[in-house]
Amino acid sequence: MRVPNSVVLPVGTHVDCCQEEEVEEKRHNIMAKISAMLAERKSNLAHFINNLEGSEEPEFYVDQWERLKEMESCTLTILDLVAVNCTDHHDIKKLESAILEHVRNEDLFPEVVRVLPPVYRQVEAAIVGIAQSEEMADHGMMDLQYLLSKLSQCEHLASLGRELLQDVLRYLHRVGLVVWYEEIKHLESTVFLQPTFLITMFKLLVRYCLVQQLESIS
């Protein structure tokens with residue numbers, strides 16, 4: 001809600017636990033709740049803005065007013081909910097197709113037609129090669145400077161600089177090929193070339209009833 005021109009695709013899972021008519025009923029209820037939530041947000045923002053504009057000394061609230069107006073201008077596009085059975089490979093492919101169809105929609109994502117510089121593809125291919133190599137550890141973690149030195153060994157990337165590599169990593173992070181937490185000081189020098197490793201770790205550490213499970217250990 002705070003990101004300009006956001007596009008959200010709701011996904012409903014556990015379809016296999018519902019009757020067919022229940023799925024449609026739940027889909028309708030979820031979309032109705034989302035619409036109500038967005039309407040309430042719009043109403044609340046308008047109310048706050050009106051209060052500031054109607055205050056005795058509105059000049060003291062200019063910063064707050066500007067932040068609220070900025071939030072009010074952030075449009076949020078909600079796509080139709082996709083219901084899937086996560087245990088069914090066909091449903092997973094259906095979800096994948098739905099996502100691809102939406103991201104290729106120029107009305108939703110005007111920048112989808114932007115052409116990337118060739119070096120982006122070259123670095124991407126080289127990183128995929130490194131991640132799939134036998135010498136790569138299962139955790140897929142690599143020091144940023146070491147990654148730069150490995151990439152620089154490629155003939156066509158010999159002149160690759162750290163700044164350009166960081167630009168490429170930001171792009172690869174956005175598309176999900178790698179994970180790079182540049183905004184976290186302790187992790188800014190580490191690149192995760194195997195994002196699935198992080199998912200596995202999170203599944204082990206963040207789980208339902210974790211506290212109860214830990215407390216049950218003597």
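A helix here is a DSSP run of H or I with at least four residues, and helices are numbered from the N terminus. With that in hand, let's work through three exercises on this predicted model.

**Exercise 1.** Find the helix that holds Phe 197, and decide whether this residue is buried, partly exposed or exposed.

*Solution.*
- Step 1: Phe 197 sits in helix α7, which covers residues 195-205.
- Step 2: Its relative accessible area is 26%.
- Step 3: Buried means under 20% and exposed means over 50%, with partly exposed in between. Phe 197 is therefore partly exposed, at 26%.
- Step 4: Setting aside neighbours within four places in sequence, Phe 197 touches Asp 138, His 139 and Met 141.
- Step 5: Take Met 141 as one partner: 56 residues separate it from Phe 197 in sequence, while the C-alpha to C-alpha distance is 9.2 Å.

**Exercise 2.** Now do the same for Lys 150: is it buried or exposed?

*Solution.*
- Step 1: Helix α5, residues 144-152, contains Lys 150.
- Step 2: Its relative accessibility is 16%, so Lys 150 counts as buried.
- Step 3: Beyond neighbours within four places in sequence, Lys 150 is in contact with Ile 130 and Glu 135.

**Exercise 3.** Describe the second largest pocket: what lines it?

*Solution.*
- Step 1: The space in this pocket is about 160 Å³.
- Step 2: Its lining is made of Leu 38, Arg 41, Lys 42, Leu 45, Glu 72, Cys 74, Thr 75 and Leu 76.
- Step 3: Helix α1 (residues 20-53) gives the largest share of this lining, with four residues.
- Step 4: Sorted by type, the lining has four nonpolar, one polar and three charged residues.

Conventions: Residues are numbered from 1 along each chain as its sequence is written. This is a predicted model: local features need pLDDT of at least 70, side-chain atom pairs count only at pLDDT 80 or more; totals for chains, interfaces and linings use all residues. Side-chain values use heavy atoms; hydrogens and water are left out. Helices (H or I, at least four residues) and strands (E, at least two) are DSSP runs, numbered from the N terminus. Buried means under 20% relative accessible area, exposed over 50%, partly exposed in between (1.4 Å probe, protein chains only). Contact means heavy atoms within 4.5 Å. On a 1 Å grid over the protein atoms alone, a cavity is a set of points where a 1.4 Å probe fits but cannot get out, and a pocket is an open set with protein on both sides within 12 Å along at least five of seven lines; lining residues have an atom within 4 Å of a point. Grid points are joined across faces, edges and corners, and a volume is the space filled by probe spheres set on the points. Ala, Val, Leu, Ile, Met, Phe, Trp, Tyr, Cys and Pro count as nonpolar, Asp, Glu, Lys and Arg as charged, and the others, Gly among them, as polar.
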